[in-house]
Amino acid sequence: MSLELLLIIAFGGAIVTYLLGKISCRIREGFAVLISLSLVVMIACLYGENGTESIYFHFLGLPLIMRTNMLSWFFAMAVSALGALSVIFSLNYMKNRERTDFYYLMLLMVNASMLGIIFSGDLISFFIFWEMMSWSTFLLISYNRGPAVAAGLKYIIMSIIGSMAMLVGVLSLYATYETLNMATLAELIGSASSGYLLFLLIIFSIAFAIKNALMPLHTWLPAAYAEAPTPFNGVLSGMLTRMGMYGFLLIMYVIVGATRALNLGSGLFKFHYILAWLGAITIVIPTFIAILQDDAKKLLAWSAVGQGGYMIVGIAVGTNLGLSGGIFHTLNHAIYIVLLFMCVGAIQYRTGGERDLNSLGGFIKKMPFTFIGTLLGISGLVGIPLTNGFVSKWLIYKTLILEGYPFLAFAALIGTWGCILYCYKFIHHIFLGQLPGKYQNVQKAPFSMLLPMIILSFAILFFGILPGIPLKIIDTIGTSFGFKSMNVTIWGIASETGTLNTINIFAAVLIVSIIAWLMLKIGPKAVSVAQEDTYAAGAAIPKDKYHYTVDFYNPLYRMITPYLKDFIDAFYMKFAHWIQSLCNGTRRVYTGYVGNYVMYIVLFLALLIFIRLKWSL
Amino acid sequence: MDRNQLIKWLKAPAKMGHKYSLHAVYFCTGCGIIEVPPSITARWDAERFGVLPVATPRQANLFLITGYVSVKTLRAIIRTYEQMPEPKYSVGFGSCPINGGMYWDSYNTIKHLDKYIPIDGWIAGCMPRPEAIFVAVTHLWTLIDKDMADGYKRYRDHYQAYRANQEHALGKLEWPPLFSNETKS
Amino acid sequence: MQMIEMILSPLLALIIGIFFLGLSRKIMARIQWRYGPPITQPVIDVIRLFSQKSVSHGKLFNLGIIFSLAGSLVLVLFLPLAQICPLSGSGGMLVILYMMLLAPLGIALSGGESANPNTSIGISRKFILALGYEVPLLLILLALMTHYKTISIVHIVSIQQNTGWAFVSLPLLLSGIAYVLILPAILGIRPFEVVQASQEISSGPMAEYGGPFLALATIQHALSLFIGIALFVNLFLGGAGNLLIFFLKMLVVFVLVLFVNAALPRLRIEQAVKYLWRWPTLLAFIGMIIVLIVRR
């Protein structure tokens, strides 16, 4: 199976889907699912292929190369699987909307270009696919028009800044080494001075930090997530944003190399240490902003910014545990955030686009499967033991503590505790409490929406109880970067400074839960009552909303809101306005009247004559 | 704990539990509640009998109706009584719930509370002293022992009649019947 | 052997926790110049609750409370009780930190289902308070783990038994004091009794529990008392060689905490968080810096 064929199928499939849509909706949808599933199968077949390179095109005399290794297999698998699930989820959600052909084209295009990024073996094709991804994402974010266009513009402007930074880096590499093949670069770069390496890392980091929404370059993300169509949110938050993570891994550990990347700078001002601190800030501040959100998608968006911080901290700390934690967290985060966005999508689909947390409530009785999905999703997000998020966070914490970075560990841990607050708010406002009267007739989500949710819920538990399976793969990635291998067993990690054994925890929780359940069974059976039959000091409860949701963490809001203005965004907007007014001022010169232009010429000539006379040059 | 008690505990732990752990609803129905603070605080200390005020009817099994019952309060009393888990005991405190007391000719007061919810025992007097609460509690213990504190069973058996009385006094009730027809046995 | 420990340690925790509940009611009564209930009163209450018929608001209402009790019971398996620690090698301190989440989260999910505003207010207070005390607590625990260079609580205890209590060792003294200051908040007693404030919000998350549900919640409360104190004894008072000394240490700490409970009124939630984020956090922060300096 050659990689060219894979990419041809990915891109060709997108275009054929668009054309089929002109004939029939059903054929188009079937074909889109078929294409995305066949991509999953094809990539799964690539497992274990390492280092095969193939030149597929020449561009201005530069060979464009595809290659595969464990890192790209891992990311490609995640991209294609989550892409396929998103396509399946879209089937019902996008039904009866306008421009669906275009939607499917762009969705498959984004997936294909992400695969292109992952498999490209040289920087010029990396850059081309990167740009394709940015532009098709922009078109999808702006799909809904209205405020979505502004969000999309914000995204694309920041993206372009990032791409330009990357282009500078690529060109400087080409000027120095006259090749853009990653493998060759990795060998040649050993002779570079540390100053040049630092320049390279910073210039590439700008591009990847914008994509990964690292503070202070995160400002595009909340608006874009909130306005994008919900099924696309899965792809956007799960993998597309994490292409930044792939980029960081690529530049730090593949091209520059672990030993060189981890020794740049001195003392506290090492490059990777500063990157880790940026990651820590990215964990804490967005977490607290997320607590303030009342919009389900904005809440998840800020949470996604925060979780991105864990990955950066993990890979920036530069140990085998941290690296594995960071990469594993990328996968885990993709799984649960896609699941949570799908749950929001299901709720939106059934309630007619409602995503304001304060006007929902009590959906557990109407949409039980969606509730279970959300519960597992937030468990993963918080990192409750036996869900996947726990294992990756455990790895990150452990390495931070043992390497002597307690303040970084503190930032990571406090992020988790803040995370509980918004996670509970999310699940409580949507699913618990009293069901408003107007949603009495809400149906279960349709099967095509439930199927991806069930698969992802299963994945959360599977990776949580048997973390060894993905960790083995991640371990080979780590060793290929030159790190020491971890002692991974199928149940967890064994080492002398603290072991993790998930099966023990699982068994203990299972047995103890059964005991607790039996204890509840000792007493007489409880009578089920309606939601109106709750304690209200003897008063009867009104039928409609009687449920405490607005300003849920009010005392905390009052304390933290003054400190949590998004001043970075405000600064950027001010900067943009300043540029705009500067341009406006310049434009005022060009009035369009011939008389004015004649006046400019005459004045200019007069100035010249004046200068000539005054200084008699 | 003497031997007799121990045998009783082994024979019927549930019944003994009900006896010695009477948690009262913290619900001030009338002026008689003024006698409750001294009885639960340092002067008389009801906690040594296991009597403890709790916050919600869900956690309680003893309902003290302390003083006169206006029509408006009756609504809350019924609601609270229905929300208490079974077995539950209710005690009328003072002469007003018994027969209206000094409000016997008021247009807005309920005269006979036991027409609306079942009462397991009365404490007469206006006001009864806090000691009377303890007399009532010890009396309630003997009633529980002899299975005579069966107000909640009466309520279940004659629910239709109670409900009819309640609707007669209050008009239409906002909540559905506690027991449907077929549970009447 | 491990199986016996698995059964023994939750059982011990349960007995000690229930005993502490009874003791607290008795001691509070004596401080308030009352005779007080018999020390077995919580047992009587639990028996009574188990025989009562209660209401349920749905599946999650039942599952949440089971989840919460299970979380507390599993957490006990990770704590060393003197030499007994059945799950010592399964994740260490970090798992304990996370397991401490399960109990409030279970109650929160279960209470949320009951659609009672009092419950929701109580839960929101619980999470805010938890965020309040976790800031100093995490700093304290990280200082401990950094100082002893391990994330295993068993190692922390065994190092202390060789080199003396962490509470009196100089680098960790400030962290220990900070822990003492936040201990009432962890146990949820006055002045931090904001969650189950029965006079304000009808006992908060417990408002809808009755019968067996309340019995499980009581047992869970007893366990959480046990866990809070046992954690302190293990981390700062050096654990113990045998169960008797461990129990005595716990008893001393508990009685001291009860005096605080009896003497102080309840703070408002904002006051509580402001206090927790000011003095204990400052002490814990300085303690952490001292640990880092000593480590270098």
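Select strands β3 and β4 of chain A. Strand β4 covers residues 492-493, and 2 bridges join it to β3(A). The two strands run antiparallel. Helices and strands here are DSSP runs numbered from the N terminus: H or I over at least four residues for a helix, E over at least two for a strand. Two strands pair if DSSP finds at least two bridges between them. Now show A:Val488; opposite it, in β4(A), stands A:Ile493.

This is a predicted model, in which local features need pLDDT of at least 70 and side-chain atom pairs count only at pLDDT 80 or more, while totals for chains, interfaces and linings use all residues. Residues are numbered from 1 along each chain as its sequence is written, chains are lettered from A and ligands numbered from 1 in the order in which they are written, and side-chain values use heavy atoms, with hydrogens and water left out.

Add β5 of chain A. You have an open sheet of 3 strands, in the order β3-β4-β5, with antiparallel pairing. Its edge strands are β3 (488-489) and β5 (500-501), and each pairs on one side only.

**Next stop: a loop in chain A**

Select A:Lys438. It sits in the loop between α17 (406-431) and α18 (447-465) of chain A. Is A:Lys438 buried or exposed? It is exposed, with a relative accessible area of 61%. Buried means under 20% relative accessible area, exposed over 50%, and partly exposed in between (1.4 Å probe, protein chains only). Now add A:Asp544. It is 106 residues away from A:Lys438 along the chain, yet their C-alpha atoms are separated by 8.4 Å.

**Next stop: chain B**

Show chain B alone. It has 8 helices and 5 strands. Its radius of gyration is 17 Å, close to the 16 Å that the globule rule gives for 185 residues, so chain B is as compact as a globular protein of that length. That radius is taken over C-alpha atoms, and the rule is 2.2 Å times the number of residues to the power 0.38. Of the 185 residues, 54% are buried.

Zoom in on β3 of chain B, residues 62-66. How many of its 5 residues are buried? The count is 5 of 5. B:Leu62, B:Leu64 and B:Thr66 point one way; B:Phe63 and B:Ile65 point the other way. In a regular strand the side chains alternate between the two faces of the sheet.

Now add β4 of chain B, residues 89-93. It pairs with β3(B) in the parallel sense over 5 bridges. Look for B:Leu62 opposite B:Tyr89. Then find B:Leu64, whose bridge partner is B:Val91. Strand β4(B) is largely enclosed by the rest of the structure, because 5 of its 5 residues are buried. On one side are B:Tyr89, B:Val91 and B:Phe93; on the other are B:Ser90 and B:Gly92.

**Last stop: chain C**

Switch to chain C. It holds 11 helices and 1 strand. Its radius of gyration is 19 Å, close to the 19 Å that the globule rule gives for 296 residues, so chain C is as compact as a globular protein of that length. Turn it around: along the principal axes, its C-alpha atoms fill a box of roughly 60 × 45 × 40 Å. Buried residues make up 67% of the 296.
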